[in-house]
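Here are my notes on the enclosed spaces in this model. Please read them with the structure open.

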Amino acid sequence: MGCGLTGPAAGAMLLKGDVDFFIHSYFEFELFGQTLSINTTMVSTVIVCIVLLGLILFARHEIMKDYDEPNAVQNAVEMIVELLDNVVKGNMGHHAKSYLNYVEVLMAFIFLSNISGLFGLRPPTADFGTTFALALITFVMIEYAWIKSKGIRFVKDLFEPFPIFLPVNIISEFATPVSMSLRLFGNVLAGTIMLGLWYSLLPWFAKIGVPAFLHAYFDLFSGAIQTYVFGMLTMTFITDKYAD
C-alpha cells in the first residue's frame, strides 16, 4: 500500500521535485499462476529482521561471557531487558509470564522498523500491510486470551448486555486490529511523507542541519512513542480479556 497519492497528483509531484516516498517493486515473478513481486517493504523488513537477530545474538554472546565485572554491553542489555520486563509485568500482572516474549519482540521489531528511516530505509511500518499483519497477530493473542479465560462462555459475552448488541460486539472485536494498524501506519507514513517532501521540494540550503531535527522527531521520538502505544494497547486488550 502506498502513501495514497496516485494518478495526476502523484505524477505532478514527481515531475516538480522528484518526491519519492512510494513503495517500489524491484522485480516480479510467477508462482502457481500468480504474479508476485519483491518490493521496498519486503527488503526493508528483511534488513530490520536481520539487524534485530544480529543484536539479539550479540547481546546473548556478551551476556554469556564470564567477566569479573559486568562490561558496558552487559549493563546496557540488562537495563533494557529489565525495563521491558517491568513495563510488561506492570501492565499485565501475573499474566505477563505468558506474553513477555511476544510483547518484547513485538516492540523491538516495531521500534527498529520505525527508526529505520534514520539509515536510509523506507520504514516497513509505513506500509499498511506490515502494520495490519502485526495487528492481526495481536488480535489472535487477544482472542486466545479471551477463550483461555472464559472457555466456550466467551460466546455469551458477545450477547451482553443485551442480545441485540451481538452485531455491535462482533464489529467491536474486529475493529481492534484495524484501528491499531491504522494508528501505527498513519503516524509512521506521515513522517515518511514529511521528510520526503522536505528533501525533494526545498532548496539545498534548507537541507543543512534541519533534517537532523526532523529525523530526531519523526523517526526517533515519534517512532518510540508509536512503539509504546502499540505495545500498551496490545497488553491492555489482552489483559482486559482476563478481567472480563
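1. A term first. A cavity here is a set of grid points where a 1.4 Å probe fits but cannot get out, and a residue lines the cavity if one of its atoms is within 4 Å of a point. The model is predicted.

2. How many cavities pass the volume cut-off? With the limit set at 30 Å³ or more, there are 2 cavities. The largest holds about 60 Å³ of space. The second largest has about 30 Å³.

3. Take the largest cavity. Its lining consists of N114, P123, N187, V188, G191, T192, F218, D219, S222, G223 and Q226. Two helices, α7 (166-201) and α8 (210-243), each contribute at least two of these residues. The top contributor is α8, with 5 residues.

4. What is the chemical make-up of that lining? In the largest cavity, 7 lining residues are polar, 3 are nonpolar and 1 is charged. Asp counts as charged, and D219 is among the lining residues.

5. Now the second largest cavity. M180, R183, L184, Q226, V229, F230 and L233 form its lining. Here too, α7 and α8 each provide at least two residues. The largest share again belongs to α8, at 4 residues.

6. By class, this second lining has 5 nonpolar residues, 1 polar and 1 charged. Arg counts as charged, and R183 is part of this lining.

7. One residue deserves a look in the viewer. Q226 appears in the lining of the largest cavity and also in that of the second largest.

Key. Residues are numbered from 1 along each chain as its sequence is written. This is a predicted model: local features need pLDDT of at least 70, side-chain atom pairs count only at pLDDT 80 or more; totals for chains, interfaces and linings use all residues. Side-chain values use heavy atoms; hydrogens and water are left out. On a 1 Å grid over the protein atoms alone, a cavity is a set of points where a 1.4 Å probe fits but cannot get out, and a pocket is an open set with protein on both sides within 12 Å along at least five of seven lines; lining residues have an atom within 4 Å of a point. Grid points are joined across faces, edges and corners, and a volume is the space filled by probe spheres set on the points.
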